[in-house]
Amino acid sequence: MMKTFNLLPSELTSSRLIYGCMRIAGNNSIEDRKKGKIAIRAAIDSGYNHFDHADIYGNGQSETLFAEVLKESPELRDKLIITSKAGIRPTNDDNPYAPKRYDFSEGYLLNSVDGILSRLNIDTLDMFLLHRPDYLFNPHEVAETFALLKASGKVKHFGVSNFKPSQVSLLQSVLSMPLVVNQVEINIHNIDTLLDGTLDQCQEFGITPIAWCPLGGVVYSAWGNTFSANDEQRIEAELAQQAQKYHCAPWQVILAWLLKHPANICPIIGSTTPERIIDAKKALAINYSREDWYRLLEARNGYAQP
Ligand SMILES: NC(=O)c1ccc[n+]([C@@H]2O[C@H](COP(=O)([O-])OP(=O)(O)OC[C@H]3O[C@@H](n4cnc5c(N)ncnc54)[C@H](OP(=O)(O)O)[C@@H]3O)[C@@H](O)[C@H]2O)c1
């Protein structure tokens, strides 16, 4: 069964697993778009009510595909939490010399939200996230932008993605509304958020951490993979043993490992395969032990805790 929780301090009730729309449009062929729609429907039918987008996913095509599903079933809009992100500008987007960059300037973000709403064909975004920290951002300018978006009714709630604790503190210190989520990479390979204070800060500030690529290092290599073949063998062996113990697949163990953390981590499931979307829910029912959590960490690190 899908579990839900109150996405405090907002009024939203979110499924514990979030569905990630990064891959739903595939290569934008008719076949891939059809497959993407089937994936969205499978997620909705199996209890996911929270959908994660970004303006850059499929160059905007993920959002237009989602809009097609909403058009076919307009009653769904009020039942779903729709999140999208902006702030990453692609190479050459406004001139041939423009590098890939981050941009939190007011004009750029306001325009981006208008683009998101128009592609999704909705009036209001439930949550808007800053996709990756812009090193040049002026927190007061962002605060003013968020206030404008809220006052215009275009965005209900705000959050960030890939922000370090110091960046969250800086932005939150000037905002007139609370940041609701920080969407960060968390998987067996990348445990930065466990070590750099991100998850502690989430608990302290009441921010929900959302884990992207939760299966990195398990079903595919994580971004910037530094695991050796030995590391991988150790992790694989431990996962296999735990999977046998909990009567599930190794990838479901890693979801249980994330769910065990007291910060209430919400994994984003990005598979476009209906069986995997549905089977991910099995992780929610695993009564995962503290001992196994540390055993897997030990297998990952290659040494016991000091
Ligand atoms: N904020 C950020 O910077 C950021 C960055 C990246 C992603 N995200 C978000 O996070 C979501 C999830 O990321 P993701 O799509 O990379 O991660 P994912 O859920 O791990 O899926 C990644 C790939 O792994 C395959 N896969 C998934 N489950 C599998 C399994 N059980 N066995 C074998 N293969 C499996 C999927 O293939 P199939 O589709 O064929 O099943 C898919 O191609 C995205 O959709 C996006 O919303 C955010």
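# Ligand contacts, pockets and backbone details

User: What makes the pairing of a ligand nitrogen atom with the side chain of Gln183 a polar contact?

Analyst: In this predicted model, a nitrogen atom of the ligand is 2.9 Å from an N or O atom in the side chain of Gln183. The cut-off for a pair of N or O atoms is 3.5 Å. The pair with Gln183 is within that limit, and it is therefore called a polar contact.

User: Which ligand atom pairs with the side chain of Ser271, and which with the backbone of Gly20?

Analyst: An oxygen atom of the ligand is 2.6 Å from an N or O atom in the side chain of Ser271. For Gly20, a polar backbone atom is 3.3 Å from an oxygen atom of the ligand. Both values are within 3.5 Å, so each pair counts as a polar contact. Taken alone, the ligand exposes 890 Å², and the protein buries 87% of that area.

User: What makes a residue part of the shell around the ligand, and how many residues surround the ligand?

Analyst: A residue belongs there if one of its heavy atoms lies within 4 Å of the ligand. The ligand is surrounded by 25 residues, the closest being Arg23, Asp52, Gly270, Ser271 and Arg276. By class, the shell holds eleven nonpolar, nine polar and five charged residues.

User: Where does the ligand sit, and why is such a statement justified?

Analyst: The ligand sits in the largest pocket. That wording requires more than half of the ligand atoms to lie within 2 Å of the pocket's grid points, so the statement concerns most of the ligand's atoms. About 740 Å³ of space lies in this pocket. Its lining comprises 29 residues, with Met22, Arg23, Cys213, Tyr220 and Gly270 closest to its centre. The lining divides into 15 nonpolar, eight polar and six charged residues.

User: Which residues lie nearest the centre of the second largest pocket?

Analyst: They are Arg132, Asn162, Lys164, Val184 and Glu185, from a lining of 16 residues. The elements that give two or more residues to this lining are β10 (179-185) and α6 (192-195). The pocket holds about 270 Å³ of space, and its lining has six nonpolar, five polar and five charged residues.

User: Why is a space called a cavity rather than a pocket, and what lines the largest cavity?

Analyst: A 1.4 Å probe fits in a cavity but cannot get out, whereas a pocket is an open set, so the term depends on whether the probe can escape. The structure holds one cavity of 30 Å³ or more, and the largest cavity has a volume of about 30 Å³. Its lining consists of Ile186, Leu194, Trp257, Leu258, His261, Ile265 and Trp293. Six of these residues are nonpolar, one is polar and none is charged. His is outside the lists of nonpolar and charged types, and His261 therefore counts as polar.

User: What makes the peptide bond from Leu8 to Pro9 and the phi of Asn121 worth noting?

Analyst: The bond from Leu8 to Pro9 is cis, with omega near 0°. Pro9 is placed in the loop between β1 (4-6) and β2 (13-15). Asn121 has a positive phi of about 60° although it is not a glycine; Asn121 is in the loop between α3 (106-120) and β8 (125-130).

Technical notes:
Residues are numbered from 1 along each chain as its sequence is written. This is a predicted model: local features need pLDDT of at least 70, side-chain atom pairs count only at pLDDT 80 or more; totals for chains, interfaces and linings use all residues. Side-chain values use heavy atoms; hydrogens and water are left out. A polar contact is a pair of N or O atoms within 3.5 Å; within protein, one must be able to donate a hydrogen and the other to accept it, and residues adjacent in sequence count only if both atoms are side-chain atoms. Accessible areas come from the Shrake-Rupley method with a 1.4 Å probe; for residues, only the protein chains shown count as cover. On a 1 Å grid over the protein atoms alone, a cavity is a set of points where a 1.4 Å probe fits but cannot get out, and a pocket is an open set with protein on both sides within 12 Å along at least five of seven lines; lining residues have an atom within 4 Å of a point. Grid points are joined across faces, edges and corners, and a volume is the space filled by probe spheres set on the points. Helices (H or I, at least four residues) and strands (E, at least two) are DSSP runs, numbered from the N terminus.
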